[in-house]
Amino acid sequence: MTILLTGSTGFLGGKLLNNLLETTDHTLFVLVRDMEKAEKLVANLAGQADSRIKLLHGDITQPFCGLSEETIQQLTGKVDLFYHIAALVKFDEELREELFTVNYGGTEHALELAVTLHVKQFLYVSTAYTVGKRSHGVEELYPINSEIHNPYEESKVKSEHLVLSYADQMAVSIFRPSIIVGDSETGEADSEFTLYGFMRALDVFKRRVIRKASNADTIYHVIGSKNATSNLVPVNYVADILALAAKKAEAGVIYNITNPSPATNYDLLTMIKNALNFNQLAIIEDVDVQTLTTEEQQLNGMISVFNAYLSRSFNFDDSNTQRLIEGTAVQHLDMNDKTMQMIIDAYFNVRVDDVN
Ligand SMILES: NC(=O)c1ccc[n+]([C@@H]2O[C@H](COP(=O)([O-])OP(=O)(O)OC[C@H]3O[C@@H](n4cnc5c(N)ncnc54)[C@H](OP(=O)(O)O)[C@@H]3O)[C@@H](O)[C@H]2O)c1
């Protein structure tokens with residue numbers, strides 16, 4: 001098979017690239033905007049990365065992802081499968097325009113490129129949080145004007161509709177991971193966003209508090225719901241499913257890649273406190289922000305984009321994913337607390353090394 005991927009210099013795309021290199025003999029065209037970064041990535045990959053990976057310089061915000069006419073001609077009719085993974089994974093309202101340019105515009109360019117190249121199959125990585133303000137996630141399209149929490153979710157809801165509108169031109173399928181965390185074997189994670197953005201903010205806050213030498217008994221409250229759950233999935237699980245999808249994805253089908261038994265926010269925060277060695281954090285529910293201390297208001301300001309996810313539970317149907325992995329070596333996710341703690345510890349250990 002010949003495969004074209006976007007987003008391979010990122011957290012999930014890098015894992016998938018590695019997986020495809022190790023478990024298949026496909027030829028991999030990798031569209032990147034930063035050639036230097038991509039060359040370093042290829043140099044660090046195992047085996048025959050040099051001969052099997054062909055780097056294409058491009059940018060998904062440009063028509064045809066910025067590929068030259070000559071490159072498009074050379075690739076036409078030669079690409080079997082297109083993984084579109086590249087996106088901007090930030091939730092801030094101020095980034096609305098950029099989020100739509102990269103996530104929606106980028107998906108439109110990727111789809112147009114795929115059609116021009118006569119690609120047979122297009123696999124799009126979305127997010128489980130296109131569920132928006134509903135509490136139950138299904139493996140179906142959500143209405144285009146669904147109530148959502150932020151422009152990231154909105155850009156992905158609209159992109160999903162766009163992707164499925166190409167169903168008459170090639171086989172399209174959508175994959176929706178929940179919150180992607182490190183590898184379940186090693187804890188390794190090349191990410192600064194979602195849970196990693198949250199953990200970094202808590203780390204920065206802890207350093208500030210320690211610098212001020214404030215009272216070690218003071219408790220700082222994070223607004224959220226203790227019993228609500230955070231749906232975390234290890235990056236290798238998501239990459240395994242995407243790799244299988246090359247052969248097993250069904251056209252027009254949506255796959256939630258989610259955790260069937262997610263941890264509560266209380267357990268998650270306890271694990272983060274253990275890893276950070278910072279016991280002075282607690283969750284507080286239904287509180288008026290004005291009643292919090294100045295430091296607490298600062299803390300909650302630093303993590304405000306995560307509030308929507310900490311305040312409520314979502315549950316997700318992942319029947320299509322279970323059907324996709326049935327009879328393969330990939331087991332339905334069953335992540336225990338020990339693995340989660342290891343993944344969280346790995347992040348802080350790496351950061352301590354970085355600082356040293
Ligand atoms: N992380 C999560 O928890 C999570 C959860 C659910 C779904 N997802 C989805 O999974 C996918 C991958 O997420 P991730 O966490 O791996 O993100 P990431 O680490 O930030 O990687 C994003 C990738 O997109 C590339 N990219 C961004 N803008 C581009 C542009 N204009 N042209 C070409 N490439 C561009 C980046 O290239 P550079 O290296 O040059 O920046 C990078 O390779 C995204 O579609 C995201 O929405 C992520």
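Author: Let's begin with a yardstick: the expected span of a helix is 1.5 Å times one less than its number of residues. Keep in mind as well that the model above is predicted.

Reader: What makes the span of helix 5 agree with that yardstick?

Author: Helix 5 has 21 residues, which should span 30 Å at 1.5 Å a residue. The C-alpha atoms at its two ends are 29 Å apart, so the value in the model agrees with the expected one.

Reader: Where does helix 5 bend, and by how much?

Author: The bend is at Gly106, and its angle is about 30 degrees. That angle lies between two axes, one fitted to the seven residues ending at Gly106 and one to the seven starting there.

Reader: Why is Ala110 called buried?

Author: A residue is buried if 20 or more other C-beta atoms lie within 10 Å of its own. Ala110 has 29 such neighbours, so it counts as buried. This residue lies in helix 5. Leaving out residues up to four places away in sequence, it touches Thr6, Ile60, Cys65, Phe82 and His84. Along the chain, Ala110 and Phe100 are 10 residues apart, and their C-alpha atoms are separated by 14 Å.

Reader: Which other residues of helix 5 are buried, and what do the buried ones pack against?

Author: Among them are Leu99, Val102, Tyr104, His109 and Leu113, and Gly106, where the helix bends, is also in the group. The buried residues pack against strand 1 (2-6), strand 4 (81-84), strand 5 (121-125) and helix 6 (151-164).

Reader: What comes after helix 5, and what is its phi?

Author: His118 follows the helix, with a positive phi near 60 degrees. Here the positive value belongs to a residue other than glycine. His118 sits in the loop between helix 5 and strand 5.

Reader: Why is His118 called partly exposed?

Author: Buried needs 20 or more other C-beta atoms within 10 Å, exposed needs 12 or fewer, and partly exposed is in between. His118 has 14, so it falls in between and counts as partly exposed.

Reader: And what makes Asn277 exposed?

Author: Asn277 has 8 other C-beta atoms within 10 Å, and the cut-off for exposed is 12 or fewer, so the label fits. Asn277 is in the loop between helix 9 (265-276) and strand 14 (281-284). Its phi is positive, about 55 degrees, although it is not a glycine.

Reader: Let's turn to the ligand. Which residues come nearest to the ligand?

Author: The shell has 29 residues, and the nearest are Thr9, Gly10, Phe11, Ala86 and Ala87. Two or more residues each come from helix 1 (11-23), helix 5 (96-116) and strand 8 (179-181). Helix 1 gives the largest share, three residues. Sorted by class, the shell holds 14 nonpolar, 11 polar and four charged residues.

Reader: How do you know that Phe11 is buried?

Author: Its count is 23 other C-beta atoms within 10 Å, and buried asks for 20 or more, so Phe11 meets the definition. This residue is in helix 1. Setting aside neighbours within four places in sequence, Phe11 is in contact with Ile180, Ala189, Asp190, Ser191 and Val235. Phe11 and Val233 are 222 residues apart along the chain, while their C-alpha atoms are separated by 13 Å.

Reader: How is the chain assigned to domains?

Author: The assignment gives domain 1 (2-181 + 231-257) and domain 2 (195-230 + 262-313 + 336-355). Their C-alpha centres lie 31 Å apart.

Reader: What makes two residues of these domains count as being in contact?

Author: Their C-beta atoms must lie within 7 Å. In this model, 10 residues of domain 1 are in contact with 10 residues of domain 2. On the domain 1 side, strand 8 and strand 11 (232-234) each give two or more residues. That side has five nonpolar, four polar and one charged residues.

Reader: One last pair: why are Arg208 and Val350 called partly exposed?

Author: Arg208, in helix 7, has 14 other C-beta atoms within 10 Å. Val350, in helix 13, has 15. Partly exposed lies between the cut-offs of 12 or fewer and 20 or more, so both residues take that label.

Methods
Residues numbered from 1 in each chain as written. Predicted model: local features only at pLDDT ≥ 70, side-chain atom pairs only at ≥ 80, totals over all residues. Near = placed C-beta within 6 Å. Helix = DSSP H or I, 4+ residues; strand = E, 2+ residues; numbered from the N terminus. Nonpolar A, V, L, I, M, F, W, Y, C, P; charged D, E, K, R; others polar. Domains from an automatic or database assignment.
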